[in-house]
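Please look over the sequence and the fold that follow before reading on. The paragraphs below lead from charged pairs to strands, then to rings, and end at a pocket.

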Amino acid sequence: AGYTMASAGITIVPMIETFSIPKLKEAFPDISMLKLVQEQSQTINAAGQIDVKMPTGLTYRKIIAYITDANGAGVLDSTITGNMELIFNQADIPNSLRPLFISAINQEHYGITLPNGVFVFDFASFQGLANYAGSRDLIDTEKITEFWLRFQAAAQGNIQVISEMLSKLR
């Protein structure tokens with residue numbers, strides 16, 4: 001409502017990417033891993049400590065958090081007081097970083113400034129170029145019972161978390 005658009009014509013050009021099964025057994029890709037992408041959303045009811053409980057049992061490659069204010073606008077780094085933390089079993093905190101530092105890392109990795117409120121914890125996709133690293137720093141949550149993303153919110157809002165995870169096919 002309230003928006004109008006005028007156009008003389010719109011052209012849509014579809015792109016199709018297909019893959020064929022290699023004839024040589026040696027060229028067949030490894031299909032022992034399944035990549036999953038999940039999204040979850042949580043309302044921030046008031047200022048204070050926010051714990052986002054993440055699913056356990058899989059291996060995390062990347063976590064993208066999008067934190068918005070009550071009006072739906074991405075929050076500034078400076079409005080998140082304290083560090084953003086990843087917590088295992090309520091006690092171990094392997095990642096505890098200032099939002100401004102996370103934004104600087106993201107800018108270096110992706111070559112652009114991400115929108116306000118977007119923070120990416122990228123565990124395995126930077127080796128000089130994004131998405132070209134190995135699996136050394138993946139977070140395996142198969143043997144832990146709790147996995148949280150924690151930060152201090154300045155006011156009401158919302159957080160969306162998109163997780164890229166791997167699952168071993170047995």
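A salt bridge is taken here as a side-chain nitrogen of Lys or Arg within 4 Å of a carboxyl oxygen of Asp or Glu. The model is a predicted one, in which local features need pLDDT of at least 70 and side-chain atom pairs count only at pLDDT 80 or more, while totals for chains, interfaces and linings use all residues. Residues are numbered from 1 along each chain as its sequence is written, and side-chain values use heavy atoms, with hydrogens and water left out.

Side chains of opposite charge can pair when their charged atoms come close. Across the whole structure, a search finds four salt bridges. One of them joins lysine 62 to aspartate 122, whose closest N and O atoms are 3.9 Å apart. This pair links distant parts of the chain, since lysine 62 belongs to strand 3 and aspartate 122 to strand 6 (residues 118-122), 60 residues apart; helices (H or I, at least four residues) and strands (E, at least two) are DSSP runs, numbered from the N terminus. Both lysine 62 and aspartate 122 are buried, where buried means under 20% relative accessible area, exposed means over 50%, and partly exposed lies in between (1.4 Å probe, protein chains only).

The backbone arrangement brings these two residues face to face, as lysine 62 stands opposite aspartate 122 in strand 6. Strands 3 and 6 run antiparallel and are joined by five bridges; two strands are said to pair if DSSP finds at least two bridges between them. How much of strand 6 is buried? Five of its five residues are, so strand 6 is largely enclosed by the rest of the structure. Val118, Val120 and Asp122 point one way from strand 6, whereas Phe119 and Phe121 point the other way, and all are buried.

Strand 3 also carries arginine 61, which forms a salt bridge with glutamate 164, the closest N and O atoms being 2.1 Å apart. Here too distant parts of the chain are linked, with arginine 61 in strand 3 (residues 59-69) and glutamate 164 in strand 9 (residues 157-168), 103 residues apart. Arginine 61 is buried at a relative accessible area of 15%, and glutamate 164 is buried at 11%. A network of salt bridges links Lys35, Arg61 and Glu164.

Another charged pair leads into a sheet. Arginine 150 and aspartate 51 meet through their side chains in a salt bridge of 2.6 Å, N to O, and the two lie 99 residues apart, arginine 150 in strand 8 and aspartate 51 in strand 2. Which of the two partners is buried and which is partly exposed? Arginine 150 is buried, at a relative accessible area of 18%, whereas aspartate 51, at 24%, counts as partly exposed.

Strands 2 and 8 are part of an open sheet of four strands, with the order 2-8-4-5 and antiparallel pairing. Strand 2 (48-53) and strand 5 (92-97) stand at the edges, each with a single partner strand, so one side of each is left without a neighbour in the sheet. Six bridges join strand 2 to strand 8 (residues 147-153), and within this pairing isoleucine 50 has phenylalanine 151 as its bridge partner.

Strand 8 also takes part in ring contacts. Rings of Phe, Tyr and Trp (its six-membered ring) pair if their centres lie within 6.5 Å, and planes under 30 degrees apart count as stacked, over 60 as edge-to-face and the rest as tilted. The structure holds two aromatic pairs. Tyrosine 60 and phenylalanine 147 are edge-to-face, at 4.9 Å centre to centre and 70° between the planes; tyrosine 60 lies in strand 3 and phenylalanine 147 in strand 8, so the pair ties together parts that are 87 residues apart in sequence. The rings of phenylalanine 88 and phenylalanine 147 have centres 5.5 Å apart and planes at 55°, so this pair is tilted. Tyr60, Phe88 and Phe147 thus form one aromatic cluster. Relative accessibility is 0% for tyrosine 60 and 1% for phenylalanine 147, and phenylalanine 88 is buried as well.Strand 6 returns at the second largest pocket, whose lining includes Val120, Phe121 and Asp122. A pocket is found on a 1 Å grid over the protein atoms alone, as an open set of points where a 1.4 Å probe fits, with protein on both sides within 12 Å along at least five of seven lines, and lining residues have an atom within 4 Å of a point. About 170 Å³ of space lies in this pocket, a volume being the space filled by probe spheres set on the points, which are joined across faces, edges and corners. Strand 5, helix 1 (99-110) and strand 6 are the elements that give two or more residues to the lining, and helix 1 gives the most, with four residues.
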